[in-house]
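Subject: A structure for you to look at

Hi,

Here is the structure I promised to pass on. Please open it next to this email and follow along as you read.

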Amino acid sequence: MQQILHGKNDTENGLRDQVLRWKERYDKVYAELDIAEKTLENERKTSTSTDSGSIEKQERLKELNTYLGLTDVTGSGVVITVKDNTNSKFVTSNDLVHDGDLRAIVNEIKNIGADAISINGQRIVPGTVISCAGAVVQINGEPIGAPFIIEAIGSNALHNNLLRPGSFIEQYGEQISIDVKKSDNITIKKYNGVLTNKYIKNAE
């Protein structure tokens, strides 16, 4: 009888030891799983933070590209058609469109606060040069012929401000032919040239 009880106790003790060993293994695996889950959560947070920063940088880059004229843009604004005045009996130099006329109109549009401007498809960017090479006007180094179609995207006040008393268009609209129309659907293509800085460098 004692042998039977002793054998039973040995069996129970053995089972108890196995349970304890399995519990230790379970606790170890559970601890490792908990660490892995926390590591994964930290990676997710880091990834989300990185993605958010990347999105902000991309949005900032889009804004800069738009400002520099490196993206196509669309919106409402005005379409200005400028051409020589052929109604005069004797056409003089004052009846012809010169590079200075186009610069004056572009500067006026900029001062009013237009977001984007183009002339005959040439995007006006910070480094744009409007010049005269003989009898031909050049914009961004490209020869442009009349009539000159100036498209500008801006606020609803753009049209009225361009025609206000004292504006260039109001003063010279009888010498050269200038027609200003509102438009709700203007698309201005991006600048296809290369933007360069010739005379500046980063401060140290």
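Let's begin at the second largest pocket: both α1 (2-68) and β2 (116-119) supply at least two residues each to its lining. Of these elements and any others, α1 gives the most, with 3 residues. Before we go further, please keep in mind that this is a predicted model.

The second largest pocket has a volume of about 220 Å³. Its lining is made of 13 residues, and those nearest the centre are Tyr67, Lys110, Ala114, Asp115 and Ile124. Sorted by class, the lining holds 8 nonpolar, 2 polar and 3 charged residues. If you wonder how such spaces are found, rolling a probe the size of a water molecule over the atoms shows where empty space is left.

One residue from that list is worth a visit: Lys110, which you will find in helix α2 (residues 99-112). Is Lys110 buried, exposed or partly exposed? Its relative accessible area is 43%, and buried would need under 20% while exposed would need over 50%, so Lys110 counts as partly exposed. Setting aside neighbours within four places in sequence, Lys110 is in contact with Ile117 and Ile124. You can also look from Lys110 across to Ala152: they are 42 residues apart along the chain, and their C-alpha atoms are separated by 9.2 Å.

Now zoom out to the whole protein chain. The secondary structure comes to 4 helices and 8 strands, and along the sequence they follow the pattern α-β-α-β-β-β-β-β-β-α-α-β.

In which order do the strands of the open sheet lie? The 5 strands run β3-β2-β7-β1-β8, with antiparallel pairing. At the edges are β3 (122-123) and β8 (177-188), each pairing on one side only. Strands of a sheet pair through backbone hydrogen bonds, either parallel or antiparallel. A good pair to trace is β1 (residues 73-83) with β8, which are joined in the antiparallel sense over 10 bridges. As a starting point, find Lys83 and look for Ser177 of β8 standing opposite.

Finally, some totals for the protein chain. It has 204 residues, and 25% of them are buried. The exposed area is about 14,800 Å², of which carbon and sulfur atoms supply 51%. Among contacts with a separation of 6 or more, 75% are between residues 24 or more positions apart.

Have fun exploring, and write back with any questions!

Best wishes

Conventions
Residues numbered from 1 in each chain as written. Predicted model: local features only at pLDDT ≥ 70, side-chain atom pairs only at ≥ 80, totals over all residues. Heavy atoms only, no water. Buried < 20%, exposed > 50% of the residue type's maximum accessible area, 1.4 Å probe, protein only. Contact = heavy atoms within 4.5 Å. Areas by Shrake-Rupley, 256 points an atom, 1.4 Å probe, with all protein chains shown as cover. 1 Å grid on protein atoms, 1.4 Å probe; cavity = no way out; pocket = protein on both sides within 12 Å on 5 of 7 lines; lining within 4 Å. Points joined across faces, edges and corners; volume = space filled by probe spheres on them. Nonpolar A, V, L, I, M, F, W, Y, C, P; charged D, E, K, R; others polar. Pairing = 2+ DSSP bridges.
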